[in-house]
Amino acid sequence: MTGIGFDLLATDGRARRGRVTTAHGTIETPAFMPVGTAATVKAMTTDAVASTGAEILLGNTYHLMLRPTAERVAQLGGLHRFMNWDKPILTDSGGFQVMSLSDLRTMSEEGVTFKSHLDGSRHHLTPERSIQIQHMLDSNVTMCLDECTPFPATEAQAESSMRLSMRWARRSKDAFVERPGYGLFGIVQGGIYPEQRAESVAALTDIGFDGYAIGGLAVGEGQETMFRVLDFTEPLMVKDRPRYLMGVGRPSDLIGAVRRGVDMFDCVMPTRSGRTGQAFVRRGTINIRNARHAHDERPLDADCGCPTCRSYGRGYLHHLFKADEMLGPMLLTWHNLHYYQDLMRTMRQAIADGNFEEVAGTMEARLTEGDV
Ligand SMILES: Nc1ccc2nc(N)nc(O)c2c1
């Protein structure tokens, strides 16, 4: 097996059930990747992350190149050994994080120069350097360095930005070292414009990648626009390779994007909002800090089998957050990640059973019921 393997096991409408094969194991798709930005899924041990059913997690070139540096991670055995996660890892390439985290950055044809948000030190990221860093991290899925086109952008701005990303995709591919069980994904750009998206898909398909991400979404355009871009972009993408929608999303985003043919997702939502006291449940969301939960001994979600819901009531979780106890963010993060994996498991089974639309419709309806 060279690169990353992908088997399309079943389809139901445009929804796909597949399996990705890497040197560190397989990933059942549709799959959700917990975000482990600085070599940790915040508030979770890797054993806890694995217990939720997650089979792959995401790391970030930007954060790890700044601290502790890719060289240090490589010296300590690579990201799998370093963080004690022996399953697959996907790493983002850094461009998106530079634009969202650092200041005083300058973009050029060569790459992006920026100052670290940690200590102000200057750094330079090129497609070649990003690919080298991800290799040093021993990442199973490397992402091309791209420019995430801002939203809103005119069609001319989106075209120019996309074409830069396509030139960087060629350079990323040229710099990538092929290894069995390791792969490189291209990232489709083009803003909200059908012709730009089509040109990007064609350019990346022509270069040839192990998988294709859809970038430049989940940047404030809203769910309706995101789905519309998926509706005209997904049909142009090859069917025998994984599709990865970057930075997505809330449960309703995941259901709608799986319906439209997406295989892989990552989002900080379940972890970041878990730390602030927001729980995702089958009927929507719960803010556990709300006083109405103070005396409630029910679990967050009666249908959830996670350690939090099996052992703790809302009143206790409410107390933990009011008392600023670190167990609070831990337990809500654990619940949210478990719920997200349950959602993906349910959708995988529904596609295999051929009743995706019925199952998805029921879940979407329940999400709007609101918590009582
Ligand atoms: N919404 C997002 C999130 C992460 C991204 N990462 C890269 N490399 N490119 C994009 O367009 C992204 C968009």
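## Close-up views of a predicted model

**View 1. A salt-bridge network in the predicted model.** Salt bridges link Arg14, Asp231, Glu234, Arg243 and Arg260 into a network. The model shown here and in the other views is a predicted one. Over the whole structure, the count of salt bridges comes to 26. As a reminder for this view and the next few, side chains of opposite charge can pair when their charged atoms come close.

**View 2. Glutamate 71 meets arginine 129.** These two side chains form a salt bridge, and their closest N and O atoms are 3.2 Å apart. Glutamate 71 belongs to helix 3 (residues 70-75) and arginine 129 to helix 6 (residues 127-136), so the pair ties together parts that are 58 residues apart in sequence. How accessible is glutamate 71? Its relative accessibility is 37%, which makes glutamate 71 partly exposed. Arginine 129 is partly exposed too, at 25% relative accessible area.

**View 3. Aspartate 253 and arginine 250 in a salt bridge.** Here the N to O distance is 3.0 Å. Is aspartate 253 buried or exposed? Aspartate 253 is buried, with just 7% relative accessible area, while arginine 250 is partly exposed at 35%. For the aspartate, the cut-off to keep in mind is that buried means under 20% relative accessible area.

**View 4. A salt bridge inside helix 14.** Arginine 345 pairs with aspartate 342, and the closest N and O atoms are 2.7 Å apart. Both residues sit in helix 14 (residues 327-353), three residues apart, or about one turn of the helix. Aspartate 342 is buried, at 15% relative accessible area; arginine 345 is partly exposed, at 33%.

**View 5. A three-stranded open sheet with helix 14 across it.** The strand order is 1-2-3, and the pairing is antiparallel. Which strands are at the edges? Strand 1 (5-12) and strand 3 (25-29) are the edge strands, each pairing on one side only. On average, neighbouring strands in this sheet are turned by 10° against each other, ignoring direction. Strand 1 and strand 2 (residues 15-22) run antiparallel and are joined by seven bridges. To pick out one of these, start at glycine 5 and look for threonine 21, its bridge partner in strand 2. Helix 14, the helix from View 4, lies across strand 1, strand 2 and strand 3, and runs at about 65° to strand 1.

**View 6. The buried residues of helix 13.** In helix 13 (residues 314-322), the buried residues include Arg314, Gly315, Leu317, His318, Leu320 and Phe321. What covers them? Among the covering elements are helix 11 (269-275), strand 16 (284-287), helix 12 (307-311) and helix 14. Follow the chain just past the end of helix 13 and you reach aspartate 324, which takes a positive phi of about 55°.

**View 7. Helix 9 packed with helix 10.** Two packed helices are described by the angle between their axes and the distance between the axes. For helix 9 (residues 223-233) and helix 10 (residues 251-259), the axes come within 10 Å and cross at roughly 20°. That angle makes helix 9 roughly parallel to helix 10. The crossing of the two is right-handed. Where they meet, Gln223, Met226, Phe227 and Leu230 come from helix 9, and Ser252, Asp253, Gly256 and Ala257 from helix 10. Asp253 in that list is the buried aspartate of View 3.

**View 8. A hairpin of strand 15 and strand 16.** Strands of a sheet pair through backbone hydrogen bonds, either parallel or antiparallel. In this view, strand 15 (residues 278-281) and strand 16 pair in the antiparallel sense, over four bridges. How many residues lie between the two strands of the hairpin? Two residues sit between strand 15 and strand 16. Phenylalanine 280 has threonine 285, in strand 16, as its bridge partner. Strand 16 also turned up in View 6, as part of what covers the buried residues of helix 13.

**View 9. Glutamine 134 and its contacts.** Glutamine 134 is found in helix 6, the helix that also holds arginine 129 from View 2. Its relative accessible area is 0%, so glutamine 134 is buried. Which residues does glutamine 134 touch, leaving out those up to four places away in sequence? Its contacts are Thr61, Thr91, Asp92, Ser93, Ser139, Val141, Thr142 and Met143.

Technical notes:
Residues numbered from 1 in each chain as written. Predicted model: local features only at pLDDT ≥ 70, side-chain atom pairs only at ≥ 80, totals over all residues. Heavy atoms only, no water. Salt bridge = Lys/Arg side-chain N within 4 Å of Asp/Glu carboxyl O. Buried < 20%, exposed > 50% of the residue type's maximum accessible area, 1.4 Å probe, protein only. Pairing = 2+ DSSP bridges. Axes fitted to C-alpha atoms, helices over the stretch in contact; angles between N-to-C directions. Contact = heavy atoms within 4.5 Å. Parallel < 35°, antiparallel > 145°, perpendicular 65-115°, else oblique. Left-handed = near helix turned anticlockwise from the far one by under 90°.
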